[in-house]
Amino acid sequence: MSTDVTPRRPTELRRPLQPLRLWWMAALALSGFTAHAALIQAGCWQGLDARIMWALHDLGSAGLDRFFLLVTAIGHQWGVIPVDVLLVLVLAAARRWRCSAFVLLATAGSGLLNRAVKALFSRERPQLWPHPVDETSWSFPSGHAMGSWTLMLVLIVLAWPGRWRYPVLLLASGFALLVGISRPYLGVHWPSDIVGGWLLASAWVFAVSAYMSRQRWGELCRRTDIS
């Protein structure tokens, strides 16, 4: 009969994502965005964009309209932006300065980058049917898609060393996908705008994360208790 009463060691934390890998991921995402934008400029996605939007529109119902209006609101002013601000403040209050700076630079920089790239491409929004929400900015890339994807990646980077990385990955990615679907469903974005937002957000967050990575980065993030 075994008498081994040695306590189990706690589950070891995964090492944080390494800077070199993050730089490669950023470069790959940026290359994808550049190629995607070139195809849009050449008109390659125009037919597919319209077909996807009409397919989503044909699935529409009063219930889905209400659902996606709520999702799109949470994906920006009612959810993503307040969570971005709260996360920066919570990490700063916990004196996790590097993590707080990472979240601030990633989220605020993503918003500024989105505005700059929108102005650069000046793509008109789709006008296939009357929009249930008013939008006045340019279409490419989608700000909702980019903002929600940025928050998703920020949470994954912070949670990656801890045991909650996979639940965070599942929940955050599911939410970001719903926000992305809501925009063409409501008729205010081409599907290619959504993909562009995801690619550009990925390039930005991975680059910021790689830049902010220092000798103590992994230890600081592991001690934030958010993962």
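# Exercises on a predicted model

Confidence in the protein peaks in helix α8 (residues 191-212), at a mean pLDDT of 96, and is lowest in helix α9 (residues 217-222), at a mean of 48. The structure is a predicted model, and the exercises below begin with this confidence.

## Exercise 1. Confidence along the chain

Determine which stretches have a pLDDT under 50, and how many contacts beyond near neighbours in sequence each has in the model.

Solution.
1. Begin with the overall score: the protein averages a pLDDT of 88, and 87% of the residues score at least 70.
2. Residues 1-12 stay under 50 throughout, and the model gives them 0 contacts beyond four places in sequence.
3. Residues 215-220 are also below 50. This stretch, however, has 12 contacts in the model beyond near neighbours in sequence.

## Exercise 2. Threonine 72

Decide whether threonine 72 is buried or exposed, and list the residues that it contacts beyond four places in sequence.

Solution.
1. Locate the residue: threonine 72 belongs to helix α3, which spans residues 62-74.
2. Apply the cut-off: a residue is buried under 20% relative accessible area. Threonine 72 has a relative accessibility of 5% and therefore counts as buried.
3. Identify the partners: with neighbours within four places set aside, threonine 72 is in contact with His144, Ser182, Arg183 and Leu186.

## Exercise 3. Valine 179

Establish why valine 179 counts as buried, and find which residues it touches beyond four places in sequence.

Solution.
1. Valine 179 is part of helix α7 (residues 165-185).
2. Its relative accessibility is 0%, so valine 179 counts as buried.
3. Excluding residues up to four places away, valine 179 touches Val71, Gly75, His144 and Ser148. His144 is also among the contacts of threonine 72.
4. For a distance between C-alpha atoms, take methionine 146: 33 residues separate it from valine 179 along the chain, and the two C-alpha atoms lie 9.8 Å apart.

## Exercise 4. The largest pocket

Describe the largest pocket by its volume, the elements that line it and the character of its lining residues.

Solution.
1. The largest pocket holds about 670 Å³ of space.
2. It is lined by 28 residues, of which His76, Ile81, Gly111, Arg115 and Gly143 are closest to its centre.
3. Two or more lining residues come from each of α4 (80-93), α5 (97-121) and α6 (143-159). The largest share, 9 residues, belongs to α5.
4. By class, the lining comprises 9 nonpolar, 13 polar and 6 charged residues.

Technical notes. Residues numbered from 1 in each chain as written. Predicted model: local features only at pLDDT ≥ 70, side-chain atom pairs only at ≥ 80, totals over all residues. Heavy atoms only, no water. 1 Å grid on protein atoms, 1.4 Å probe; cavity = no way out; pocket = protein on both sides within 12 Å on 5 of 7 lines; lining within 4 Å. Points joined across faces, edges and corners; volume = space filled by probe spheres on them. Helix = DSSP H or I, 4+ residues; strand = E, 2+ residues; numbered from the N terminus. Nonpolar A, V, L, I, M, F, W, Y, C, P; charged D, E, K, R; others polar. Buried < 20%, exposed > 50% of the residue type's maximum accessible area, 1.4 Å probe, protein only. Contact = heavy atoms within 4.5 Å. pLDDT = per-residue confidence, 0-100.
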